[in-house]
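This report describes the packing, the strand pairing and the cysteines of one protein chain. The sequence and the model are shown first.

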Amino acid sequence: MKKFITTTLAALLATLTAWAQQPADTFEWGNATVYFVITDRFCNGDVTNDVNYGRINDYGTEQLNAATFHGGDFKGMLEKARQGYFTNLGIDVVWMTDVYEQIHGWMTGSGSINDFPHYGYHGYYPLDYTQIDKNYGTVEEFRELVNLLHAQGIRVMLGANINDPGYPTLLDAVQYGFAKTGLTEQEAAQHIKDWSYDNFYANRLNWKGWYNRDWVRMPDEGWDENHPLQATLFGMPDFKDENTKTVKIPDFLKKKWKKEGHKNDAWVNPSAVKLRKDHKWNPSQYVAAWIASWVEEFGIDGVRCDIVENTQLYRWKELSDACNQALATWRKNHPEDPASQWTDAFYMTGDFDKASIDYKADYAEAGFSSMVNFYFPKSGDLDGIVYTWQAYSDSLQKYPNWHSFNYLNNSYNRDAKMDNMINCATTFLLSPGVAQVFYGDETRRPLSDAQYNVDSAQAFRSDMNWNSIDSTLLAHYQKLGTIRRANPVIGTGKQRIIDTHTCVRYNDTDTLVIRLAVEGGETIQLGGAFANGTTVTELYTGQTATVTNGTVRFERIENKVAIIKQ
């Protein structure tokens, strides 16, 4: 009991300290620095929750373990948040992979190749939207994490998967009886290399108690894979979002909830309990309500939506409306929480295949503020990046409620030149729009041996390299991140180009000059941004100098960048 009280008091003190240190809320989504973390791969704070549901997390080699659960959890994230890891990076938003309970079993890695067992560690394979996956932690641990991030002035995003549930797997079929497998639970958890998912779902019509045809389409229905609204991507069951008819909750979920009773209360989302019964809803309305319940319970501030062109547009509007209402409810019910005073609307971004910074009016009308920008330059070339920035700034000025959502690397792409990450970070964190940092980009997280699998993308999701951090690169991210957070004009201001390496970023209240590819002692042209005789500060090094003949010089320059402000 004494240990419990001490721990609780320490947590409370950390939260109160964070509240006291919280800066004035000058946050703008268009200027946000977002930290995208795969919870399972970030930090293992509780080894007792590493194995659940009959899963296997160690098949003997790193390649076979490419897509098993590795142990990262809310406690691990909470530990890092308390240490100031996110605030030291200047992070405005933590985007966590989906926390919903994932399928229990594995899917074939690399499709028909099946060279490794692929679990839902990444949150893309939901089984039960109404409760947290035990591998991540409990409801109260999640609440503590969200509350602390909010107290630090950090918004929280989750994923919003309304396209598809997770695959039906052997282990889930055994546990919930929706298909005959002839296997025990222990056998179904083993990796069966010659098992074929294609053959498994071919028997779909004989299944009883899983999602029926009113809920999902399967590949055997003969839909045109090239038609995005009728596609079963990668053979996944596809929610029939075009269905407007009332459906009942699938039998396997009812059976699951009845079997669990109250023993899973520590993981059940309290705001979702009322949604565990039949309503006069169609499939998409159930899923939207389930997702919105996390906003209502925890005050989640936004979502990233998966493969948005594969869902009817009006369904996204329904989700946006439901989540905005849920956020308003949470803010009303938690007046003591500093995040209840925030007034920004619920935020939605999404993956639209090969999207750039182009304004999508119909998606903006549906509640989106951006689409993930696949085309941000990832080479770290300091020569001419100001022209890319100019296009981004001009677009933002033309469409003030729409912005680019930029990244260097993400869970499907590792495109940045890892041997030039200092300059990559410079071009990226000084760009207009959102900067989405993928966990470990700032520490030079290496690839795992999963790079040798057919699906080498799993190597992009390696465990966070806490024991081999590139401290020089991390310090660069921290310095630029804190400058960016303290100066919203970087992300949302207008821009004027001075020369190939220099630009002015400005708004009604703030002005700064960015100069790249510069060395100590060089003359920097300021383009009339500051009057002669003005004392200016170079924010990266903290040096001051006086403007003379429209120029300025600093004897010391670090990492070839100067950020100048009066």
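A nonpolar core is here a set of buried Ala, Val, Leu, Ile, Met, Phe, Trp, Tyr and Cys residues joined through side-chain atoms within 4.5 Å. The model is predicted.

**Cores**

The largest nonpolar core holds 153 residues, and those touching the most other members are Y35, F42, F86, M96, V99, F142 and W316. Helix α10 (residues 283–298) gives this core its largest share, ten residues. A second core is separate and has 14 residues, including I524, F530, V547 and F554. In soluble globular proteins, nonpolar side chains tend to be buried together.

Leaving aside residues up to four places away in sequence, W316 touches A160, I162, N163, C305, D306, V308, T311, M348, Y363, A366 and F368. One of these contacts, C305, is taken up again with the cysteines.

**Cysteines**

How many disulfides does a search of the whole structure find? It finds zero. A disulfide is a covalent bond between the sulfur atoms of two cysteines, and the cut-off used for the pair is 2.5 Å. For C305, the closest cysteine sulfur is that of C323, and the separation of 8.1 Å is too far for a bond. For C424, the closest cysteine sulfur belongs to C503; at 18 Å, this is also too far for a bond. C305 is buried, with a relative accessible area of 0%, and C424 is buried with a relative accessible area of 0% as well.

**Strands around β17 and β22**

Strand β17 (residues 511–516) pairs with β22 in the antiparallel sense over five bridges. Strand β16 (residues 502–506) also runs antiparallel to β17, and five bridges join the two. A hairpin of four residues connects β16 to β17. On its other pairing, β22 runs antiparallel to strand β19 (residues 535–538), with two bridges.

Individual positions show how the strands line up. R515 in β17 stands opposite T502, and the bridge partner of R515 in β22 is A562. K565 in β22 stands opposite L512, and T537 also stands opposite K565.

Both β17 and β22 are mostly covered: five of the six residues of β17 are buried, as are four of the five residues of β22 (residues 561–565).

**Loop residues**

Three loop residues are listed with their positions and accessibility.

| Residue | Loop | Relative accessibility |
|---|---|---|
| Q152 | between α5 (139–151) and β7 (155–160) | 11%, buried |
| K354 | between β11 (347–350) and α12 (361–365) | 53%, exposed |
| K560 | between β21 (551–553) and β22 | 39%, partly exposed |

Why does Q152 count as buried? Q152 counts as buried because its relative accessibility is 11%, and the cut-off for buried is under 20%. The C-alpha atom of Q152 is separated by 9.3 Å from that of P338, although the two residues are 186 residues apart along the chain.

The two lysines of the table also deserve a note on backbone geometry. Most residues other than glycine have a negative phi. K354, which is not a glycine, has a positive phi near 60°. The phi of K560 is likewise positive, at about 65°, and K560 is not a glycine.

How values were computed
Residues numbered from 1 in each chain as written. Predicted model: local features only at pLDDT ≥ 70, side-chain atom pairs only at ≥ 80, totals over all residues. Heavy atoms only, no water. Buried < 20%, exposed > 50% of the residue type's maximum accessible area, 1.4 Å probe, protein only. Pairing = 2+ DSSP bridges. Contact = heavy atoms within 4.5 Å.
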